[in-house]
Amino acid sequence: MALDTGACDRAWDDIMNVLATSVSLNVADIPAASRFFTTHLGFRELVVAESVVCLGRDDAAADIILLPAASEPPYPRGTAQAIVSFAVSGIAAEQERLRREGATITEPLRQEPWGEWVLRLTDPNGVVVQLVEWQPPAGA
C-alpha cells in the first residue's frame, strides 16, 4: 500500500500553528528542581519569580515551567504519570557525565528491542526525566 503524502500535506493546512512548547511541572521544591535541570540537563533560568521559575535552553528542547505543587491534585486519582523525555546524541557519555555529577539515575542505560536507547533519572521532586537515542537494532 502506497503512502498518500498529499493527504498529509492537506491535513496540515487546517491545523493550528504551534509557536513554542513548554512543559509545566508542579513540584514541592522549586529551587531543588531548578538546580537539577540547570546542573544536570543544561537548562538556564529565564524567569525567577515568587512562585514560578521558567527554564530554557538554546536548542530545540521545550521550556520547563516550575510551579508550586497544589495541596489537592489537579487531576483525578489514577491519572498516568508524565515523563519528560529528551532525544539526545551520545547517550552513553551523558550517562557517565550524570553519574560523575551525582544525578539520581533510576534506570541505567538499556536498549529497547526496537533500537531506542533509554536512560531515566529522577529529580528531587520525583519528576522522571528520560533521555533517549535512536539506534536501529542489528540487522535492521
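A residue counts as buried when its relative accessible area is under 20%. The exercises below apply this cut-off and a few others to a predicted model.

**Exercise 1. Classify the ring pair formed by phenylalanine 36 and phenylalanine 37, and state whether the two residues are buried or exposed.**

Step 1. Rings pair if their centres lie within 6.5 Å, and planes over 60 degrees apart count as edge-to-face; by this rule the count comes to three aromatic pairs.
Step 2. The ring centres of phenylalanine 36 and phenylalanine 37 are 5.3 Å apart with their planes at 90 degrees, so this pair is edge-to-face.
Step 3. Phenylalanine 36 and phenylalanine 37 are both buried, and for phenylalanine 37 the relative accessible area is 0%.

**Exercise 2. Work out how phenylalanine 43 is placed with respect to phenylalanine 37 and which charged end sits over its ring.**

Step 1. Between the rings of phenylalanine 37 and phenylalanine 43 the centres are 5.8 Å apart and the planes stand at 90 degrees, so this pair is edge-to-face.
Step 2. Phenylalanine 43 has a relative accessible area of 4%, and is therefore buried.
Step 3. One aromatic cluster is formed by Phe36, Phe37, Phe43 and Phe86.
Step 4. Over the ring of phenylalanine 43 sits the charged end of arginine 57, 5.7 Å from the ring centre.

**Exercise 3. Describe the lining of the second largest pocket, including the residues that lie nearest its centre.**

Step 1. The volume of the second largest pocket is about 220 Å³, and 14 residues line it.
Step 2. Nearest its centre lie Leu41, Arg57, Asp59, Phe86 and Val88; of these, Phe86 belongs to the aromatic cluster, while Arg57 is the residue whose charged end sits over the ring of phenylalanine 43.
Step 3. By residue class, the lining comprises eight nonpolar, two polar and four charged residues.
Step 4. At least two lining residues come from each of strand E5 (83-87) and helix H3 (91-101).

**Exercise 4. Determine how strands E6 and E7 pair and what marks the turn between them.**

Step 1. Strand E6 (residues 105-111) pairs with strand E7 (residues 116-122) in the antiparallel sense, over four bridges.
Step 2. Glutamate 107 has arginine 120 in E7 as its bridge partner.
Step 3. The two strands form a hairpin with four residues between them, and in the turn glycine 115 has a positive phi of about 105 degrees.

**Exercise 5. Locate alanine 62 and decide whether it is buried or exposed.**

Step 1. Alanine 62 lies in the loop between strand E3 (52-56) and strand E4 (63-68).
Step 2. Its relative accessibility is 17%, so alanine 62 counts as buried.
Step 3. The C-alpha atoms of alanine 62 and valine 23 are separated by 6.7 Å, although the two residues are 39 residues apart along the chain.

Technical notes:
Residues are numbered from 1 along each chain as its sequence is written. This is a predicted model: local features need pLDDT of at least 70, side-chain atom pairs count only at pLDDT 80 or more; totals for chains, interfaces and linings use all residues. Side-chain values use heavy atoms; hydrogens and water are left out. Rings of Phe, Tyr and Trp (its six-membered ring) pair if their centres lie within 6.5 Å; planes under 30 degrees apart count as stacked, over 60 as edge-to-face and the rest as tilted. Buried means under 20% relative accessible area, exposed over 50%, partly exposed in between (1.4 Å probe, protein chains only). A charge sits over a ring if NZ of Lys or CZ of Arg is within 6 Å of the ring centre and within 35 degrees of the ring normal. Two strands pair if DSSP finds at least two bridges between them. On a 1 Å grid over the protein atoms alone, a cavity is a set of points where a 1.4 Å probe fits but cannot get out, and a pocket is an open set with protein on both sides within 12 Å along at least five of seven lines; lining residues have an atom within 4 Å of a point. Grid points are joined across faces, edges and corners, and a volume is the space filled by probe spheres set on the points. Ala, Val, Leu, Ile, Met, Phe, Trp, Tyr, Cys and Pro count as nonpolar, Asp, Glu, Lys and Arg as charged, and the others, Gly among them, as polar.
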